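Grab a pencil and work through a few short exercises on the model below. Each one comes with a solution you can check against your own view.

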Amino acid sequence: MRRLEILKPGHKQPEIEKTGNEKNAVPENKKTGTRASGDGETEARSRKNNMLSRGQGMTGRPAFLLISALIFAGAACPAHAQAFGARQPEEIAAEEAEQAIRKIISEQKAEEFRAAEPAEAASELIGAKEETGPKISDTAVILYLKEGGITEKQLTVSGIPEGAVLAWNSKDPSIVTVDKNGRIASAGAGKTTVVCTVALPDGSVRTLKTSVRVRDNIRELTLELEENVRPNALRTSVGYQLYYTCRTVAGTDKNTSNVIYYEVLTPKGAVSVNASVTDGVFLASRCAPYVVKAYAFETENAMKKWLTDRKKYEGNVLASDSLSLTVTLENFRTEKRVLSGWELELPPSYQVKEEEGEDGSVLFGVSALNSDKLTAASNIRIMVDKLEDAPDFEELERTMKLVYTRKMLQNSWKSVYHAETAKITDFSLETVRLGARDVVRLDYEIELKNIRLTFEEAADIEISRLTFRNAIYTWYEGSEHVTVNVTDAMESLQPNISDAAEKLVKSMRPAK
């Protein structure tokens, strides 16, 4: 409540010294933070005494005239002065003036109240009446199917009087379960409603509801390259689509929410500046080996926290996977080598070792160095043997199809590598034209899992997965039968060994 100070007759209002700032001051509106326009000089003069001109909708001059008129009326009437006993006329006038002013203020306040919004008026007069009755702590909740994620939450009810009874239930317990205390837990992917029935002491019943969505969270992430593309034989300035497959807790992608983050590293773990992944497309500007890593997160916020401190927020990563890619030379230089009467064209970095077979056949072993300058597991084996009968190309093709079946190849690889499983994909066996000759070509990709390599003088080695891209080229060259067997271990080689082998097959010929 504002305090009113009434000026008595003959009292002079003190002068207020005005500074430059006070002349131009504009009062700040506390509700909006903006400044309302006003006259700085008038405000300075009326700040202390002229209370009627502030907040009552009256200007300073009419209010002052009203006060003066009331005071003058009291002082000019002797009979009226006598009615107040021995009190002085100016005291009587001041009291009457104050009462009249209070009446005017009261009437004006009532008018303002009638014009105000109902809620605002009620709040100003008696205080805003808050909503009462039972309230549930959460009306919408998201849970996840993951041991380390948000799988449970406690719901509570407030505003209940003593003696009230609560009963909890879930409309679909296969999605969300709830105990007698209101603790909910995820059970399956989907959406349902948890209901709390509140029985009040007065006999009335209130029903409170919480909508719960359970998202089937990611447990495993598999990163793959687009089909029919060899990951170790990519080219510069060509975009390659990456795909990821999510294996969820419930085994379905229903109600799955995730954010995938990619990064491209060098084989030593540094962030690469020569390659990137944008919208799932890998693009490199330089021939080199790369490692693409993909991380799955529940939300973008979880990903951002992890990026600020990977060690602190490592638990934010739901699953991750990596993919080794090699961008190789498309046009590479070769050099001619003459060995055992044959011309071989191979990259200068490829090494050739000549052997002699038991039956007089000629064997060549071709190897290369990987990115670590070590002998690669990938290799090319060349065998040339003499024919006893006239060459029959159709018979050669039939024999290849009869001997090299999927089942035979899978069992052979499983036996050699002591693998638990061996799966062949992209299998093809056909006659193709390479250079100036017809060649029977067998081409396939094989994936081995849970490999156990045993050694006599060293500890066994266990490998979870290996993938090979293999090819067999075979043809007749005069009275000789030539077979080129390529084992491509998907290593980082420059150039790619499969590309080098095909170029070798096109150019290989007896030396003149």
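Helices (H or I, at least four residues) and strands (E, at least two) are DSSP runs, numbered from the N terminus. You're looking at a predicted model, where local features need pLDDT of at least 70, side-chain atom pairs count only at pLDDT 80 or more, and totals for chains, interfaces and linings use all residues. Residues are numbered from 1 along each chain as its sequence is written, and side-chain values use heavy atoms, with hydrogens and water left out.

**Exercise 1.** Place threonine 487 in its strand, then decide whether it is buried or exposed.

Step 1: Threonine 487 sits in strand β25, which covers residues 480-488.
Step 2: Recall the cut-offs: buried means under 20% relative accessible area, exposed over 50%, and partly exposed in between (1.4 Å probe, protein chains only).
Step 3: Threonine 487 has a relative accessible area of 16%, so it is buried.
Step 4: Look for contacts, meaning heavy atoms within 4.5 Å. Leaving out residues up to four places away in sequence, threonine 487 touches Ser378, Asn379, Trp413, Phe468, Arg469, Asn470 and Ile497.

**Exercise 2.** How many aromatic pairs are there, and what kind is the one between tyrosine 295 and tryptophan 306?

Step 1: Rings of Phe, Tyr and Trp (its six-membered ring) pair if their centres lie within 6.5 Å; planes under 30 degrees apart are stacked, over 60 edge-to-face, and the rest tilted.
Step 2: That rule gives eight aromatic pairs.
Step 3: For tyrosine 295 and tryptophan 306, the ring centres are 4.7 Å apart and the planes are at 45 degrees, so call the pair tilted.
Step 4: This pair joins distant parts of the chain, with tyrosine 295 in strand β15 (residues 288-297) and tryptophan 306 in helix α7 (residues 300-308), eleven residues apart.
Step 5: Tyrosine 295 is buried at 8% relative accessibility, and tryptophan 306 is buried at 4%.

**Exercise 3.** Now classify the pair of tryptophan 413 and phenylalanine 468.

Step 1: The centres of these two rings are 4.9 Å apart and the planes are at 35 degrees, so this pair is tilted.
Step 2: Tryptophan 413 belongs to helix α9 (residues 406-417) and phenylalanine 468 to strand β24 (residues 461-477), 55 residues apart, so the pair links distant parts of the chain.
Step 3: Both tryptophan 413 and phenylalanine 468 are buried.

**Exercise 4.** Which residues do ring pairs link into a cluster?

Step 1: Follow the ring pairs and you get a cluster of Tyr261, Tyr295, Phe297 and Trp306.
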